[in-house]
Each structure stands twice: as C-alpha cells, then as structure tokens.
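Q: Please take a close look at the aromatic ring pairs of this model and describe their geometry, their burial and the elements that carry them.

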Amino acid sequence: MDKVIATAAEAVADVAPGASIAVGGFGLAGIPRFLIEALLDQGADRLTIVSNNCGVDGAGLGLLLEHRRIIRVIASYIGENREFGRQFLAGELEVELTPQGTLAERLRAGGAGIGAFYTPAGVGTLVAEGGLPLRYHPDGTPAATSRPKETRVFNGREMVLEEGIVTDVALVRAARADRHGNAVFHAAARNFNPAAAMAGRLTVLEAEQLVEPGEIEPDEVHLPGVFVDRVLPLTPAQAALKSIEKRTVRTPPKEHDDAVVT
C-alpha cells in the first residue's frame with residue numbers, strides 16, 4: 001500500500017520507447033515538471049503524448065519536443081509553443097487536435113472503462129466530418145487527415161462518437177498526497193490531472209506535500225489512490241518552483257495633480 005518512490009529517475013525508469021503517456025496540467029499550471037525532466041534524462045523516445053497542450057518553449061513537455069522524443073500528440077491546441085507549431089507544419093510531428101472538453105472526457109471515459117461516448121462538440125466541423133490535417137508534408141500540404149466519425153441523433157440533437165483514451169503511462173502532479181496515492185489538487189492545477197491519472201495503466205504522481213494515510217479527509221480526495229501506482233514526494237524547494245506561462249501586469253492609474261476635492 002505504500003506507493004512512495006525515492007527519486008524521479010526511479011519513478012520513470014521503466015517507461016518504454018514508443019509508450020503513450022497522458023500528462024496532466026494546463027499550460028504550465030499543475031504540470032508534473034520533475035517527472036517530465038526525469039523522462040527526458042531517461043531517454044525514452046517515439047512517444048505519443050496526450051495532454052491539453054504540449055508545454056512551452058523550454059519548459060514542460062516542450063523539453064521533450066525540443067529533443068525530438070515525441071512523434072504524436074493528442075491535444076486541444078498548439079498554444080504558445082513555437083517549436084510545437086514548427087514541427088507540426090514541417091511534417092515532423094503528427095497532431096490530433098481535439099475539443100478541450102472532449103479531450104477531458106475521453107481521458108475520464110478511458111479511466112472509467114467506457115469505450116466510447118456521444119457528444120455534440122465538433123458536429124458540423126472537420127472534427128466530425130473528417131479531413132482535419134494530422135500530419136503535413138514538408139511543402140505544407142496535408143500528408144494525413146482525420147477520418148469521418150460516426151454521428152447519431154439523440155433527442156433531436158446530432159452527436160458525434162468519440163473514443164475513450166487509455167495510455168500506457170500517466171504523469172500528474174498534486175498539491176497533497178498520502179502514501180496510498182489519495183490526492184488533492186489545488187485550484188487551477190485540478191485541470192486535466194485527475195482525468196489523465198485515471199487514463200494511465202501505470203500512473204506516477206509527484207506531490208508537493210506528502211502526508212500520512214488518514215490525514216486527508218475522504219470528502220477532500222480529488223483522486224482516489226486506486227488510480228495511482230507511484231508517489232514521488234517533492235522537496236520544499238521543488239514544490240515552490242512554479243512557472244507562469246504568460247504574465248500580465250496592470251499599471252495603476254496615475255493620480256492627477258489638478259484633481260479637485262470637494
């Protein structure tokens with residue numbers, strides 16, 4: 001029952017080349033930063049990544065992209081990662097773009113043992129009709145496109161069939177976890193992490209704070225330990241290291257010297 005593992009290197013040591021990996025996080029919020037870096041050092045390549053996006057240049061999953069460890073991505077958007085966009089348009093990377101809510105539900109469904117489900121998201125677009133570019137030739141013409149998906153009408157509304165996703169491995173990050181793998185996520189970091197964790201046949205979780213079993217109240221648990229295989233406790237310094245994808249600062253309004261006070 002004690003799922004704690006000593007090092008990040010040990011946590012991802014058996015991730016095989018060609019593995020499919022679900023990765024939690026949204027932008028840089030809640031990403032399993034140290035597990036990603038350990039996977040980069042471990043050397044596994046030809047990876048298929050399932051994640052909301054693929055990090056940014058120089059951080060998160062962007063590191064695996066830069067070192068050409070990824071061959072296919074299932075994601076919601078290209079985001080701010082220029083290398084991601086460059087590799088996709090140059091024909092070096094296959095990308096399956098998926099509506100954001102659909103991606104979350106595909107992961108959750110896979111983890112719940114649901115093979116497929118119908119959703120109205122994507123009906124009337126290339127998502128349902130097919131023809132969405134998956135890979136390009138170097139000259140910019142499509143080399144592979146998506147196939148049409150089955151649609152049906154339920155209660156007068158057309159819906160498209162989407163398959164659940166199950167991956168070989170899942171990498172996620174939590175604010176707190178106990179030795180059994182029960183986990184709590186903080187605020188926006190509770191984005192894709194629970195769904196990604198459910199989808200993995202082998203799920204590795206890095207925790208900002210490790211607590212003993214029983215210290216997390218049952219009603220507080222966001223992810224039950226049954227979905228977690230390994231828990232990597234972070235040091236306080238590691239837990240405090242968090243990046244912001246795009247910082248926006250508002251300039252306070254200037255006071256006018258000629259203001260009249262009555």
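A: **Aromatic ring pairs and their surroundings**

In this predicted model, the count of aromatic pairs comes to two. A pair of aromatic rings is described by the distance of the centres and the angle of the planes, and each pair is taken in turn below.

For Phe 88 and Tyr 136, the ring centres are 5.2 Å apart and the planes stand at 70 degrees, so this pair is classed as edge-to-face, the class for angles over 60 degrees. The two partners come from distant parts of the chain, since Phe 88 belongs to helix H4 (residues 82-89) and Tyr 136 to strand S6 (residues 133-136), with their positions 48 residues apart in sequence. Phe 88 has a relative accessible area of 7% and is therefore buried, the limit being under 20%. Tyr 136, with 16% relative accessibility, also counts as buried.

In the pair of Tyr 118 and Phe 154, the ring centres lie 4.9 Å apart, and the planes make an angle of 55 degrees, so the pair is tilted. Tyr 118 sits in strand S5 and Phe 154 in strand S8, so parts that are 36 residues apart in sequence are tied together by this pair. Tyr 118 is partly exposed, at a relative accessible area of 24%, and Phe 154 is likewise partly exposed, at 28%.

The strands that carry this tilted pair belong to an open sheet of three strands, arranged in the order S5-S9-S8 with antiparallel pairing. Strand S5 (116-119) and strand S8 (151-154) are the edge strands, each of them pairing on one side only. On average, and with direction ignored, neighbouring strands of this sheet are turned by 40 degrees against each other. Between S5 and strand S9 (residues 157-163) the antiparallel pairing extends over four bridges, and Phe 117 has Glu 162 in S9 as its bridge partner. Helix H5 (residues 100-111) lies across S5 and S9, and its direction runs at about 155 degrees to S5.

For the nonpolar packing of the model, the largest nonpolar core holds 36 residues, of which Ile 21 and Leu 39 touch the most other members. Helix H2 (residues 33-42) gives the most to this core, with six residues. Leaving aside residues up to four places away in sequence, Leu 39 touches Val 12, Val 15, Ile 21, Ala 44, Leu 47, Leu 64, Arg 69 and Leu 171. Another core, of 23 residues, lies apart from the largest one and includes Ile 74, Ala 170, Ala 197 and Val 231.

Conventions:
Residues numbered from 1 in each chain as written. Predicted model: local features only at pLDDT ≥ 70, side-chain atom pairs only at ≥ 80, totals over all residues. Heavy atoms only, no water. Pairing = 2+ DSSP bridges. Helix = DSSP H or I, 4+ residues; strand = E, 2+ residues; numbered from the N terminus. Axes fitted to C-alpha atoms, helices over the stretch in contact; angles between N-to-C directions. Contact = heavy atoms within 4.5 Å. Core = buried A, V, L, I, M, F, W, Y, C linked by side-chain atoms within 4.5 Å. Buried < 20%, exposed > 50% of the residue type's maximum accessible area, 1.4 Å probe, protein only. Phe/Tyr/Trp six-rings, centres within 6.5 Å; stacked < 30°, edge-to-face > 60°.
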